[in-house]
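Work through the exercises below with the sequence and the model open. Try each task before reading its solution.

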Amino acid sequence: MKLFKLRGGVHPESRKELAADRAIRVLPMPEYLYVPLLQHVGAPAQPIVNVGDKVLKGQLIGASQGVISAPVHAPTSGIIAAIGEYPAAHPSGLTAPTITIKADGEDRWLETAEVENPFSLTADEISTRVAAAGIVGLGGATFPSAVKLNLSRKNNVRTLIINGGECEPYITCDDRLMRERAAEIIEGVRLIRYAVGAEDVMVGIEENKPAALAAMSAAAKNTEVKVIAVPAMYPMGWDKQMIKALTGLEVPADGRTADIGVLVHNVATAYAVRDAVRFGRPLVSRLVTVSGGSIAEPGNLEVPIGTLVETLFDFCGGFRDKPARMVLGGPMMGIQLATAAVPIVKGSSGVLALTAGEIGKVDPSPCIRCSSCVRACPVGLLPLDMAAHIRAGDSAAAVALGLKDCIACGCCSFVCPSHIPLVHYFNFAKGELMEQERVKLKQESTKKLAEARSERIARIERERAEAAARRKAAREAKERAAKEAAAKAATETA
Amino acid sequence: MNKIAHSPHAHAPISISKVMGTVMLALAPATLFGFWLYGWPAINLWAVSLVAAIVGEALVVYWQGRAVRPVLFDGSGILTSWLLALSLPPFAPWWIGVLGSLFAVVICKQVFGGLGQNVFNPAMAARVMLLISFPLEMTNWIVPAPLGSAHAPGLLESLRITFLSQHLDGMASASLLGHVKTEFTRGIGLDQSLAGYYAPLHSLVGERAGSLGETAAVLLLLGGLYLIARRIITWHAPVAMLLGIAIPALIFNLIDSNHYAGPIYHLLSGGVILGAFFIITDPVTSPNTTAGQLIFGFSCGLLTWIIRTWGGYPEGVAFAVMLMNAATPIIDYYVKPRIYGRDRKGVSLSAGKES
């Protein structure tokens, strides 16, 4: 098939060989699981259990709130040990509302509603099951999948693209999933296609995963699913990049993929959809790659949501030597972990313990305007100019150059010979803009409140004056009437 | 725990000093060939130029209260003076090299704010300054006398040439471009002025009077191709510059071959190859985008050809580069990449439109 040309991109050393050939292993159930209530884009789930409650595996413990939200479920059977703040995966070690479960060791599933033939369900039923299972985009975006399904049905999506572009270095969990559970993924893909009524289904897999390509092609044989090899480059897994490569279409900057008739889901999401629709099983575990130069035995683990990162490190033999940096996610977009005592969430594809050599940190030097960043940017931005403006305190100028279109993929920082932390500048400016918008909103609402108040005071005074005038008029009328009556009486008596 | 680090947590194995080092490596063959061709005076001049740049930059940075080591070790000052030395007459006195180097790294670079801040290519600005201020020393070309040959000056003699401005009898010569220009002013056309004076092959391998680096077109070309292969530079600006010279040269040569020299003559003489691959690819003073670099390169070539053909100076590369350096911010303002999901004006694409 003809592929379409892509802009920019980089070819970081893949380092996937560390874990790519390690088969999936199931992590033994840890004693405690820490399940955050916000593991997705949107509103956090609302806890519906109390401390001390007994829960079964797969039982709903946090209910979805609002239009864009997702529920969370108990990843094992046990007792609710705590509901409250717990350190989250955040560079500064911030906490987040979390439900702590003490496992009872039985790992007993809730009674679930299995379906003999999932294709006998209606599209609505499939989407309801996906929503109830708490499935979110497992490629890292963590957007609630059911919301995407419904949106796609409304927009009459024609093309379904399944993203097998695992472009982050080190990370191999999708690769392993495709190699080992291709048939299940394909069933999930076909269910999604059925639910949204798409005509074309394409699975894009990078050509540096020949085993995954072979397994998926075999599983897709005699189905409507086409498995297509795409170039191995970063960020091939960016959904808009995958769409462009496979269809030549570009998603409008102000729009969504549904606007051009395309729906994109990750392979792991398709796998989770199959579990949810066929077995009624919610998303309570995921595959996580544990890798990096400091890890004794890198590997791919099936991990219950809420497991602490340090448990994964320990299971993989601990550290060969003290890591220079721990990262949640891939090295290109992942976040630094201040501590390994934070839980794995639905969007965690990998945990890395990197050596100083792997990070390649060098102190920044001045920009020489080499425009390596301009050539590397997959979006078509001018990172060097944007950073210069932000450095000078002029975020507005950076916005004019397209700051809001930046996807923070890190290509620019990666290639910069001066080692300038470009993405850091951009995220700083984006944060500043959000803060400005917030302040503006606040000012506007304050102004509105103040206006309402002065209006109210004016109205009360007006009403008071009117009331006084009315009373006066009434009194006068009364007096007049009394006078008239007196005069009348006087005339009558006279 | 150390400071919070932002993604990405990996980096391409590249740094400023590696970039500069690779460019120096690409310059080395042509430079060594120049050393062989012009002997010890050329080596002296090259050496004093580099030393002047290092010492001058170190002092200025020290006076600014900045750390000296990182500035010196990025290698940019050394590269600047190296490029300048390659553009000087090989037998020029020491103070030409020293003055030029100091002007380049101190006035043209550090005064503007240091690495990455200069508007004009420092080597070319220094060369233009020297050419205007010291026309005699800057046009005193020498017939090549390779090391070991009969006419080659010895080590002691070379020190006298470089440091005491001693002149060698019988070795003075005009560069090809200078010769042709002079002949033109005497009303002598190309058919006569080039006869016996010009053979393309000689230009190619450097067997004629010229500056250190300008003479070895083949080695410079190879160095440039090496830089493209190593992805230090891209082909856009160099190819555009060569076309910017070759296209008008070809057209006018076809119209009047006695008055206008052909493309081969233009491409292989003067500083064109050095300029195309090593000067206009200076990232600091050239545009950011591929399209911008094509415009920039072509304009550099065209201006070079115009200055050579109708200007007062026989060679125009340095002037052309400086003019286009000044135009770079304007090119960058108007030529920007298209953003994904938007048209060239920055407006969001409408649904379903193929790009």
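The exercises go from model confidence to single residues, strands, a helix and the contacts between the chains.

Residues are numbered from 1 along each chain as its sequence is written, and chains are lettered from A and ligands numbered from 1 in the order in which they are written. This is a predicted model: local features need pLDDT of at least 70, side-chain atom pairs count only at pLDDT 80 or more, and totals for chains, interfaces and linings use all residues.

**Exercise 1. State the confidence for chain B and for the complex.**

Solution. Start with pLDDT, the predictor's confidence in each residue, from 0 to 100. Chain B has a mean pLDDT of 86, and 87% of its residues reach 70 or more. Next, take the complex: the predictor gives an ipTM of 0.86 and a pTM of 0.87. Where pLDDT is low, the predicted coordinates should not be read in detail.

**Exercise 2. Find the cis peptide bonds that precede A:Pro235 and B:Pro8, and place each proline.**

Solution. Helices (H or I, at least four residues) and strands (E, at least two) are DSSP runs, numbered from the N terminus. In chain A, the cis bond links A:Tyr234 to A:Pro235, with omega about 0°. A:Pro235 sits in the loop between strand 11 (225-230) and helix 6 (239-247) of chain A. In chain B, B:Ser7 and B:Pro8 share a cis bond with omega about -5°. B:Pro8 belongs to the segment before helix 1 (16-38) of chain B. As background, most residues other than glycine have a negative phi, and most peptide bonds are trans.

**Exercise 3. A:Thr142 and A:Asn156 have positive phi values; give their places and exposure.**

Solution. A residue is buried if 20 or more other C-beta atoms lie within 10 Å of its own, exposed if 12 or fewer, and partly exposed in between, with C-beta atoms placed from the backbone.

- A:Thr142 has phi near 50° and lies in the loop between helix 1 (123-132) and helix 2 (145-154) of chain A. It has 19 C-beta neighbours inside 10 Å, so A:Thr142 counts as partly exposed.
- A:Asn156 also has phi near 50°; its loop runs between helix 2 and strand 9 (159-164) of chain A. A:Asn156 has 11 other C-beta atoms within 10 Å and is therefore exposed.

**Exercise 4. Which strands stand at the edges of the sheet with order 3-5-6 in chain A?**

Solution. Two strands pair if DSSP finds at least two bridges between them. The sheet is open, has three strands and pairs in the antiparallel sense. Strand 3 (46-47) and strand 6 (72-73) of chain A are at the edges: each has a single partner strand, so one side of each is left without a neighbour in the sheet. Strand 3 is joined to strand 5 (residues 60-63) of chain A by two bridges. Within strand 5, A:Gly62 is opposite A:Pro47.

**Exercise 5. Describe strand 15 (residues 325-328) of chain A and its partners.**

Solution. First, the side chains: A:Arg325 and A:Val327 point one way, A:Met326 and A:Leu328 the other way, and all are buried. In a regular strand the side chains alternate between the two faces of the sheet. Second, strand 17 (residues 350-354) of chain A pairs antiparallel with strand 15 over four bridges, and A:Leu354 is the bridge partner of A:Arg325. Third, strand 16 (residues 335-336) of chain A is joined to strand 15 by two bridges, also antiparallel, with A:Gln336 opposite A:Val327. The hairpin of strands 15 and 16 has six residues between the strands, and A:Gly329 takes a positive phi near 100° there.

**Exercise 6. Check the length of helix 12 (residues 217-229) of chain B.**

Solution. The expected span of a helix is 1.5 Å times one less than its number of residues. For the 13 residues of helix 12 this gives 18 Å, and the end C-alpha atoms are 18 Å apart, which agrees. Buried residues in helix 12 include B:Leu219, B:Gly223 and B:Leu227. After the helix comes B:Arg231, with a positive phi near 60°.

**Exercise 7. How many residues of chain B are in contact with chain A, and of which classes?**

Solution. Two residues are in contact if their C-beta atoms, placed from the backbone, lie within 7 Å. By this rule 38 residues of chain B touch 55 residues of chain A. The chain B side has 19 nonpolar, 14 polar and five charged residues. Here Ala, Val, Leu, Ile, Met, Phe, Trp, Tyr, Cys and Pro count as nonpolar, Asp, Glu, Lys and Arg as charged, and the others, Gly among them, as polar.
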